[in-house]
Amino acid sequence: MRTTNLYAPTLRETPAEAEVRSHQLMLRAGLIRKAAGGLYTYLPLAWRTIKKIEQIIREEMDEAGGQEVSMPILQPAEIWQESGRWAVYGDEMFRVRDRHGRQFCLGPTHEEMVTTLVRDEVRSYKQLPLMLYQIQNKYRDEIRPRFGLMRGREFIMKDLYSFDKDEEGMNESYRKMYDAYTRIYTRMGLDFRPVEADNGAIGGGHSHEFTVLADAGESSIACCTSCDYAASDEKAELNVIKAAEEELLPLEKKATPGANTIELVAGYLKLPIEKTIKAVAFQTDADELVLAFVRGDHEVNDVKVLNLLEGAIELRMADEEAIAEAGGCAGFMSPIGIKEGTRVIVDQTVMEMYNACAGANEKDVHYVNVNPKRDFPDAAVADIRMVRAGDLCPRCGGIIKMTRGIEAGQVFTLGTKYSEALRAVFLDENGREKPMQMGCYGIGVGRTMAAAVEQNNDEHGIIWPRAIAPFEVVVVPVNAKNPEQLELAEAVYNELKKARVDVLLDDRKDRAGVKFKDADLIGYPLRITVGPKAVDENAVELKVRRTGEILTASREEAAAKAVELLGKL
RNA sequence: CGGGGCGUAGCUCAGUUUGGUAGAGCACCUGGCUUGGGACCAGGGGGUCGUAGGUUCGAAUCCUGUCGCUCCGACCA
């Protein structure tokens with residue numbers, strides 16, 4: 001490919017609409033252009049990278065036993081009504097009607113489609129396991145599209161679905177996918193972590209998010225500094241922290257006028273914040289009141305709370321009236337004196353506190369010398385707090401640090417949620433009818449590209465990992481109007497092509513500076529410069545984008561040297 | 001949907017407070033000169049000032065509606 005034949009409109013200045021680095025760079029480097037909010041055109045450079053990412057994914061999916069298919073993007077409402085999600089999915093689903101008034105949606109995901117496909121064909125355990133995948137556009141009418149390709153309304157996704165005869169098989173499929181994902185992100189040259197994740201409403205199964213580490217990432221993850229434990233902030237498990245044992249003092253009320261926050265109480269009573277107990281009141285979607293208690297310096301993890309509540313779908317902050325009805329007092333709450341039957345959940349660490357301070361369930365009054373094991377021994381106890389930096393790893397006891405990343409892929413087991421709803425059943429070895437055990441596994445392809453840019457750039461532009469660079473090498477004749485230079489550059493270019501290197505010849509008649517700036521901005525891993533020195537001294541120059549390292553080689557050696565350097569990028 | 005910010009040339013922005021008839025840099029076209037880090041000189045093209053309405057002799061500027069973009073929150077690949 002020659003630059004004069006490449007549509008890659010680079011921008012000298014950063015467009016005002018882009019806030020995050022990857023979005024800015026992809027616009028500036030001429031990779032993408034916006035068509036409307038959350039909708040982007042992939043220009044030739046971006047599309048080359050997308051195709052490379054897809055190819056890596058395909059190879060690993062096939063290797064793991066997946067088979068590629070292509071299912072319709074336009075999906076009939078019926079199958080969604082059957083699974084019950086037509087009503088649940090809400091405004092996030094794009095819905096359309098055909099000329100007869102029949103309803104369809106633009107697929108936000110394909111569980112319904114793939115499950116109905118499989119149920120009609122698979123009858124026997126002998127036909128399982130089965131793994132089907134596709135790479136295609138998905139549509140979600142996001143509340144707020146943002147960060148360019150990071151969260152679009154149309155985005156490219158690889159989605160694989162596994163079908164197994166039992167849980168053991170499902171877990172085996174899961175493991176294969178986990179391993180395949182690990183190879184995919186490794187091959188792409190990205191710094192990533194498989195992160196234990198909550199799989200929310202589905203419950204029960206496993207889930208990992210494959211998170212590309214980047215400071216601008218949306219997800220906050222807890223990583224152990226000693227072992228390889230990593231979990232999303234809402235998932236991270238925590239061990240009990242035992243306070244030093246103390247003699248139990250008698251419970252006592254103290255007036256704490258206006259002290260309705262933990263900071264105010266601790267300040268007023270001159271107590272360390274670790275000696276206080278904090279309350280958070282929630283209500284479920286069914287209006288049940290739930291009181292959660294954590295140590296004063298901790299935060300309640302509402303996902304953990306929600307997971308403890310059978311049947312609840314979401315939590316919101318409780319109304320003051322509901323709290324008062326249960327005998328509580330907003331801002332001054334404790335489990336002591338709450339009406340019988342009220343849902344109270346106490347963090348495990350709270351149970352190990354001695355002579356602590358908590359609300360007295362009346363305005364402007366707190367208790368001191370609260371001893372949970374004595375004062376509310378019957379409360380439900382669980383791990384309900386949010387992880388924070390400095391906590392101890394639940395696996396090895398090492399120190400946890402918090403990092404940020406971009407969730408580029410996710411794997412999780414679904415169990416029989418969809419196979420039951422859509423009656424995808426088979427006969428097992430004993431002739432008994434059973435629902436299939438499913439798993440689903442997604443990779444955001446465009447998001448992975450954005451994450452790669454987010455993770456690999458400097459003040460001059462993008463620095464592509466070789467495996468997903470739009471071109472591996474750019475050959476730059478310093479002065480393309482000089483026939484000798486151009487001829488030598490073409491010779492190097494042709495040799496690299498022959499060596500099956502993905503190479504671009506920047507044959508534009510612009511000044512060298514322009515071409516160098518573009519090369520840095522677009523971020524080809526390797527640049528080969530052919531200038532006067534090549535003509536006069538037979539010396540061409542190879543520059544590694546990431547390190548800035550410059551090597552020289554003779555014209556004859558240049559291609560071989562480039563191939564050697566690429567091997568290390 | 002709630003809360004901020006912004007819509008003026010392809011891009012980045014000035015002009016809006018105090019109404020007087022459209023600007024700069026970059027990009028683009030022509031010619032010249034130049035060719036190792038976004039050159040230079042000369043000439044040129046390009047804007048219903050997001051949009052609709054109102055106030056006014058006169059609106060980019062003031063008022064009202066509306067659309068779009070963007071950031072923060074709930075959602076997610």
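I184 is a residue of helix α6, which covers residues 167–187. In this predicted model, I184 has a relative accessible area of 0% and is therefore buried. I53 is 131 residues away from I184 in sequence, yet the two C-alpha atoms are 8.7 Å apart in space. The points below cover the chain as a whole, the surroundings of RNA strand B, the ring contacts and the backbone geometry.

**Overall architecture**

- Chain A comprises 569 residues, of which 54% are buried.
- The secondary structure of chain A consists of 17 helices and 31 strands.
- The C-alpha trace of chain A extends over about 95 × 65 × 45 Å along its principal axes.
- Three domains are assigned in chain A: domain 1 is formed by 16–189 + 410–454, domain 2 by 252–382 and domain 3 by 471–566.
- A distance of 41 Å separates the C-alpha centres of domain 1 and domain 2.

**Surroundings of RNA strand B**

- RNA strand B is surrounded by 50 residues, and the closest of them are R12, A16, K481, D520 and E541.
- By class, the residues of this surface comprise 26 charged, 14 nonpolar and ten polar.
- On the RNA side, sugar or phosphate accounts for 45% of the atoms of strand B within 4 Å of the protein, and bases account for the rest.
- The side chain of R12 places an N or O atom 2.3 Å from a sugar or linking oxygen of RNA strand B.
- E13 addresses a base: one of its polar side-chain atoms is 3.1 Å from a base nitrogen of RNA strand B.
- A408 contributes through its backbone, with an N or O atom 2.8 Å from a sugar or linking oxygen of RNA strand B.
- Two or more residues of the surface near RNA strand B come from each of the strands β8 (154–164), β21 (400–415), β29 (526–530) and β30 (540–544), and from each of the helices α15 (512–522) and α16 (532–537).
- Helix α15 supplies the largest share of the surface near RNA strand B, namely eight residues.

**Aromatic and cation–ring contacts**

- Ten aromatic pairs are found in the whole structure.
- Y178, Y181, Y185, F192 and F210 are joined into a cluster by ring pairs.
- R95 has its charged end over the ring of W86, at 4.6 Å from the ring centre.
- The face of F516 is covered in a similar manner by R527, which is 3.9 Å from the ring centre.

**Backbone geometry**

- The peptide bond between L128 and P129 is cis, with omega at about 0°.
- P129 is located in the loop that connects α5 (111–119) to β7 (130–139).
- N355 is not a glycine, yet its phi is positive, at about 45°.
- N355 belongs to the loop between α10 (348–351) and β18 (356–362), and its relative accessible area of 8% is the reason why N355 counts as buried.
- D364, likewise not a glycine, has a positive phi of about 65°.
- D364 lies in the loop between β18 and β19 (365–370), where its relative accessible area of 24% makes D364 partly exposed.

How values were computed:
Residues numbered from 1 in each chain as written. Chains lettered and ligands numbered in written order. Predicted model: local features only at pLDDT ≥ 70, side-chain atom pairs only at ≥ 80, totals over all residues. Heavy atoms only, no water. Near = heavy atom within 4 Å. Polar contact = N/O pair within 3.5 Å; in protein donor to acceptor, adjacent residues only side chain to side chain. Helix = DSSP H or I, 4+ residues; strand = E, 2+ residues; numbered from the N terminus. Nonpolar A, V, L, I, M, F, W, Y, C, P; charged D, E, K, R; others polar. Phe/Tyr/Trp six-rings, centres within 6.5 Å; stacked < 30°, edge-to-face > 60°. Lys NZ or Arg CZ within 6 Å of the ring centre and 35° of its normal. Domains from an automatic or database assignment. Buried < 20%, exposed > 50% of the residue type's maximum accessible area, 1.4 Å probe, protein only.
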